[in-house]
Amino acid sequence: MSEVILNDSNFDAEVLQYKGVAMVDFWAPWCGPCRMLAPVVEELAAEYAGKAKVAKLNVDEAPDASTKYGVASIPTVIFFKDGKVVAQTVGLQTKAALQEKLNSLL
């Protein structure tokens, strides 16, 4: 199970209407720390399959969602529960930090 790829057209259906916990990585291909975080996000998608939705959103391809959530620096990871923002991190995070946040929301 790989991470869900988000864009402005599927964001509402995949995240805001999702019942449960969703972790969304706001990133861009030109961002070094984002590329460092990518394998961690992929691992979390596999580990949390069936428990939480793990998704990525390219800020260059989805400006509406990025603007709506005030994403000014990337990588930004926003955690949603039942469609509501419940937590946010900015900058490169460790896998352990993201796991801890996911586990606290499940």
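**Figure 1. The exposed face of helix H4 in the predicted model.** On the face of helix H4 turned away from its buried side, the exposed residues Glu100 and Ser104 are found. Helix H4 itself comprises residues 95-105, and its buried residues are Leu98, Leu102 and Leu105. Viewed down the axis of H4, these buried residues fall within an arc of 65°, so they line one face of the helix.

**Figure 2. The surroundings of the buried side of H4.** The cover over the buried residues of H4 includes strand S2 (21-27), helix H2 (32-47), strand S4 (76-81) and strand S5 (84-90). With respect to the strands, H4 lies across S2, S4 and S5. Its direction is at about 15° to that of S4.

**Figure 3. The open sheet of five strands.** The strands follow the order S1-S3-S2-S4-S5, and their pairing is mixed. Strand S1 (4-6) and strand S5 stand at the edges; each has a single partner strand, so one side of each is left without a neighbour in the sheet. From one strand to the next, the twist averages 25°.

**Figure 4. The pairing of strands S4 and S5.** These two strands run antiparallel and are joined by six bridges. Within this view, Val77 stands opposite Thr89, a residue of S5.

**Figure 5. The environment of Ala55 in strand S3.** Strand S3 spans residues 53-58 and includes Ala55. The relative accessible area of Ala55 is 1%; residues under 20% are classed as buried, and Ala55 is therefore buried. When residues up to four places away in sequence are not counted, Ala55 touches Glu3, Val4, Leu6, Met23, Val24 and Asp25. A further residue for orientation is Glu42, which is 13 residues from Ala55 in sequence. In space, the distance between Ala55 and Glu42 is 9.0 Å, C-alpha to C-alpha.

**Figure 6. The disulfide between Cys31 and Cys34.** The sulfur atoms of Cys31 and Cys34 are 2.3 Å apart; a disulfide requires two cysteine sulfur atoms within 2.5 Å, and the pair therefore qualifies. By this rule, the count comes to one disulfide. The torsion about the S-S bond is about 80°, so the disulfide is right-handed. Are the two cysteines buried or exposed? Cys31 has a relative accessibility of 5% and counts as buried. Cys34 is likewise buried, with a relative accessible area of 0%.

Key: Residues numbered from 1 in each chain as written. Predicted model: local features only at pLDDT ≥ 70, side-chain atom pairs only at ≥ 80, totals over all residues. Heavy atoms only, no water. Buried < 20%, exposed > 50% of the residue type's maximum accessible area, 1.4 Å probe, protein only. Helix = DSSP H or I, 4+ residues; strand = E, 2+ residues; numbered from the N terminus. Arc of directions from axis to C-beta. Contact = heavy atoms within 4.5 Å. Pairing = 2+ DSSP bridges. Axes fitted to C-alpha atoms, helices over the stretch in contact; angles between N-to-C directions.
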